[in-house]
Amino acid sequence: MSELLKTPLHDLHVETGAKMVPFAGYSMPVQYPAGVMKEHLHTRDQAGLFDVSHMGQVVLRGEGAAAALEQLVPVDILDLPVGKQRYAFFTNEQGGVLDDLMVANYGDFIYVVVNAACKEQDIAHMRACLGADVELEVLDDRALIALQGPLAAQVLARIQPELKLMLFMDVRQVEIEGMSCLVSRSGYTGEDGYEISLPGDQAERFCRLLLQQPEVALIGLGARDSLRLESGLCLYGHDITTQTTPVEASLLWAISKVRRVDGERAGGFPGADRIFEQMRNSDELRQKRVGLIATGKAPVREGTELVNIEGVKIGEVTSGSFGPSVGSPVAMGYIAREYAALDTEVYALVRGKALPMKVASMPFVKQRYYRG
């Protein structure tokens, strides 16, 4: 553990009895004494506090920053309103996904959050491609925390009432208890909530302030994973990779209308030709990301083979666990297109047994983002 990086909240995690594990080069809390199940259900019911400071935070400045970034993603960045955030992904020349990210327009700058495991390559990719006129600043002195759950807004309103006025995907730059914060009303649990970037040396004070609120509990990576899986959200390196396109990954909703083949700014991003070809000929796709629900109780984990009734391999699970809110094992994975219809029965090979699963719609649990 001595060689691992530590977030500004490391001492707080240790003090509160967290089980620390290596993750993306950092020492991170996988769970606290309450355990993953209780942490998961607490977030669905009240408000969970997550340390996501291992993520990469980047600021882009310059008149051409939006146009330059738009050339790397199939998303409308030029027309992203001030005070709004959008989900995006970098693509490669084959149409595969290099990473998914969040992009926010703060007016004077564009704020980008990338995944921890990909942040060095993402930063290098942006430096190489954005051009000399775009200033790129890595915010490596800031923490990033997420407060997620149906009571998150109520909790934060006690500390900074302005934040309750925000809607899903709004962003604001605000002072909270004298701390300069970048706040988005978003998160990766499917619940209402916020992500808050603040100076690293003030993060522990802010988290202790939140933990004084009776609705708030610390939540580890274990519950974060089960929450995002129940909500049908992809994990990079598992459910989306350089070998999967946004079309295969069922992420067409994230490709902006103006960037599509008949849009005002069609194409111009890496892999556009292949992605457009797949969009035109979706019936010819080799594979598709789908949701899966087990009819039994045994969890079906990542890497599990999926077969048809004859035992022929037709796909593979990319994420899977017991869904505490669903009350049964849930998974997502890639499956041959002809088996991707809802309610199709397939079989997961677990310890030599073929366990029946059904193709299901995602999210498995209704998303509760606050849209007003």
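User: Hi! Which residues of helix 2 meet helix 7?

Analyst: Hi! In this predicted model, V36, E39, H40, T43 and R44 of helix 2 meet helix 7. On the helix 7 side, the partners are G222, A223, S226, L227 and E230.

User: How many of the residues in that contact are nonpolar, polar and charged?

Analyst: It is a mixed group: 3 are nonpolar, 4 are polar and 3 are charged.

User: And at what angle do helix 2 and helix 7 cross?

Analyst: Their axes cross at roughly 55° and come within 8 Å. Helix 2 and helix 7 are therefore oblique to each other. The crossing of helix 2 past helix 7 is right-handed.

User: Why give both an angle and a distance?

Analyst: Because two packed helices are described by exactly those two things, the angle between their axes and the distance between the axes.

User: Okay. Is helix 7 largely enclosed or open?

Analyst: Of the 10 residues in helix 7 (residues 221–230), 9 are buried, so helix 7 is largely enclosed by the rest of the structure. The buried ones are L221, G222, A223, R224, S226, L227, R228, L229 and E230.

User: What covers those buried residues?

Analyst: The cover includes helix 2 (36–45), along with strand 2 (19–23), strand 3 (26–31), strand 4 (47–51), strand 17 (313–323) and strand 18 (328–336). Helix 7 lies across strand 17 and strand 18, and it runs at about 120° to strand 17.

User: What does G232 do just after helix 7?

Analyst: G232 takes a positive phi of about 70° there.

User: You mentioned strand 17. Which barrel does it belong to?

Analyst: Strand 17 is part of a closed barrel of 6 strands, which runs 15-18-17-16-19-20 with antiparallel pairing. From one strand to the next, the twist averages 45°.

User: How do strands pair, in general?

Analyst: Strands of a sheet pair through backbone hydrogen bonds, and the pairing is either parallel or antiparallel.

User: Can you show me a pair in the barrel? How many bridges join strand 16 and strand 17?

Analyst: Strand 16 (residues 305–307) and strand 17 pair over 3 bridges, in the antiparallel sense. If you want to find one in the structure, look for L306, whose bridge partner in strand 17 is G315.

User: Let's go back to strand 2 and strand 3. How do they pair?

Analyst: They are antiparallel too, with 5 bridges between them. M20, for instance, has P29 in strand 3 as its bridge partner. The hairpin they form has 2 residues between the strands, and A24 takes a positive phi near 55° in that hairpin.

User: And strand 4? Which sheet is it in?

Analyst: Strand 4 sits in an open sheet of 6 strands, in the order 11-12-13-10-4-14, with mixed pairing.

User: Which strands are at the edges?

Analyst: Strand 11 (171–176) and strand 14 (216–218) are the edge strands, and each pairs on one side only. Neighbouring strands of the sheet are turned by 25° against each other on average, ignoring direction.

User: How does strand 4 pair with strand 10?

Analyst: Strand 4 and strand 10 (residues 142–148) are antiparallel and share 4 bridges. One place to look is L49, whose bridge partner in strand 10 is L147.

User: Which helix lies across that sheet's strand 4 and strand 10?

Analyst: That is helix 6, which runs at about 15° to strand 10. Helix 6 also lies across strand 11, strand 12 (179–184), strand 13 (193–199) and strand 14.

User: And what about helix 5 and helix 6? At what angle do they cross?

Analyst: The axes of helix 5 (residues 152–159) and helix 6 (residues 203–211) cross at roughly 115° and come within 10 Å. Helix 5 and helix 6 are therefore roughly perpendicular to each other. Helix 5 passes helix 6 in a right-handed crossing.

User: Which residues make that contact?

Analyst: From helix 5 there are V155, L156 and I159, and from helix 6 there are F206, L209 and L210. The contact has 6 nonpolar residues, with no polar and no charged ones.

User: Last topic: is D122 buried or exposed?

Analyst: D122 is buried, with a relative accessible area of 2%. Its place is in helix 4 (residues 119–129). Leaving aside residues up to four places away in sequence, D122 touches F90, L98, D99, V114 and N115.

Technical notes. Residues numbered from 1 in each chain as written. Predicted model: local features only at pLDDT ≥ 70, side-chain atom pairs only at ≥ 80, totals over all residues. Heavy atoms only, no water. Axes fitted to C-alpha atoms, helices over the stretch in contact; angles between N-to-C directions. Parallel < 35°, antiparallel > 145°, perpendicular 65-115°, else oblique. Left-handed = near helix turned anticlockwise from the far one by under 90°. Contact = heavy atoms within 4.5 Å. Nonpolar A, V, L, I, M, F, W, Y, C, P; charged D, E, K, R; others polar. Buried < 20%, exposed > 50% of the residue type's maximum accessible area, 1.4 Å probe, protein only. Pairing = 2+ DSSP bridges.
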